[in-house]
Amino acid sequence: MTEAAEVATRLDDPAEALLALYRQPPLDNLKAPGFGRADVATLPGSVLLERAALGELMARYTASFGEGADRKAAASIWSKYFFSLVSIPTLVANLLLGRELPVRPEQLRLELGGEAPSRVRRLC
């Protein structure tokens, strides 16, 4: 058991126990996306289920690592990044607030951009 997990099991408050698990590397530097209405065009989450659209997104993300970057490795990194952006706030909202966030692909909208065009800036 990691030190953070041991600390989490000793905490009386379940919320603090959950958050303690996310306050350790590599998640301690994770920046959560914004939530709410976007001021720019967004993509429906269901676009990630379309082979061509996902392929284009992965090609742009892979290119951000430089020429000759391994596409499978880049896709693995991007998927871990994306699923942590969606799952952590969803889990915390559900467990701590008793709220269900709309995260089904047909409900979710993505604002891409920032320093990397394939990064998710906002979940809408």
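Reader: How many residues does H4 have, and what distance does H4 reach from its first C-alpha to its last?

Author: The model is a predicted one. In it, helix H4 covers residues 71-97. A span of 39 Å would be expected at 1.5 Å a residue, and the computed reach is close to that value. H4 has 27 residues, and its reach from first to last C-alpha is 38 Å.

Reader: What is the order of the elements in the protein chain, from the N terminus on?

Author: The protein chain holds four helices and four strands. Read from the N terminus on, these elements follow the order α-α-β-β-α-α-β-β.

Reader: Which residue contributes a side-chain oxygen at the start of H4?

Author: The backbone nitrogen of Lys-72 has a side-chain oxygen to within 2.9 Å at the start of H4. That oxygen belongs to Asp-70.

Reader: Which residue follows H4, and what is its phi?

Author: Helix H4 comprises residues 71-97, with Leu-97 lying in it. The residue that follows H4 has a positive phi. The residue is Gly-98, and its phi is near 65°.

Reader: Is Thr-90 buried or exposed?

Author: Thr-90 is found in helix H4. Its relative accessibility is 18%, and a residue counts as buried under 20%. Thr-90 is therefore buried.

Reader: Which residue has its backbone oxygen 2.5 Å from a polar atom of the side chain of Thr-90?

Author: The buried residues of H4 include Val-86 and Thr-90. A polar atom of the Thr-90 side chain lies 2.5 Å from a backbone oxygen, and that oxygen belongs to Val-86.

Reader: With which residues is Thr-90 in contact, leaving aside its neighbours within four places in sequence?

Author: Thr-90 has its place in helix H4. Once the neighbours within four places in sequence are left aside, the contacts of Thr-90 are Leu-101 and Val-103.

Reader: What accessible area do Leu-91, Leu-95, Leu-96 and Leu-97 have together?

Author: These four residues form a nonpolar patch on the surface. One of them, Leu-97, is exposed because its relative accessible area of 62% is over 50%. Together, the four leucines have an accessible area of about 360 Å².

Reader: Which residues meet in a salt bridge?

Author: A search of the whole structure finds one salt bridge. Its N to O distance is 2.9 Å. Of the two partners, one is partly exposed at 48% relative accessibility, and the other is exposed with a relative accessible area of 57%. They are, respectively, Arg-104 and Glu-106.

Reader: How far apart in space are Ser-46 and Glu-106, C-alpha to C-alpha?

Author: Ser-46 is found in the loop between strand S2 and helix H3, and it is partly exposed, with a relative accessible area of 27%. Along the sequence, Ser-46 and Glu-106 are 60 residues apart. In space, their C-alpha to C-alpha distance is 5.4 Å.

Reader: Which residues does Pro-105 touch, not counting residues up to four places away in sequence?

Author: Pro-105 lies in the loop between H4 and strand S3 and counts as partly exposed at 31% relative accessibility. Its C-alpha atom is separated by 8.0 Å from that of Leu-48, a residue 57 residues apart from it along the chain. With residues up to four places away in sequence not counted, Pro-105 touches Pro-44, Gly-45, Ser-46 and Leu-49.

Reader: Why does Thr-62 count as buried?

Author: The place of Thr-62 is in helix H3. Leaving aside neighbours within four places in sequence, its contacts are Ala-69, Asp-70, Arg-71 and Ala-74. Thr-62 is buried because the cut-off is under 20% and its relative accessible area is 11%.

Reader: How far apart in space are Arg-122 and Leu-112, C-alpha to C-alpha?

Author: Arg-122 lies in strand S4, which covers residues 116-123. At 26% relative accessibility, Arg-122 is partly exposed. Arg-122 and Leu-112 are ten residues apart in sequence, and their C-alpha to C-alpha distance is 7.2 Å.

Reader: What percentage of the residues of the protein chain count as buried?

Author: The protein chain exposes about 8,500 Å², of which carbon and sulfur atoms supply 55%. Of its 124 residues, the share that counts as buried is 29%.

Definitions and conventions: Residues numbered from 1 in each chain as written. Predicted model: local features only at pLDDT ≥ 70, side-chain atom pairs only at ≥ 80, totals over all residues. Heavy atoms only, no water. Patch = residues over 30% accessible without salt bridge, like charges linked within 9 Å, V, L, I, M, F, W, Y side chains within 5 Å. Areas by Shrake-Rupley, 256 points an atom, 1.4 Å probe, with all protein chains shown as cover. Salt bridge = Lys/Arg side-chain N within 4 Å of Asp/Glu carboxyl O. Helix = DSSP H or I, 4+ residues; strand = E, 2+ residues; numbered from the N terminus. Buried < 20%, exposed > 50% of the residue type's maximum accessible area, 1.4 Å probe, protein only. Polar contact = N/O pair within 3.5 Å; in protein donor to acceptor, adjacent residues only side chain to side chain. Contact = heavy atoms within 4.5 Å. Expected span 1.5 Å × (residues − 1).
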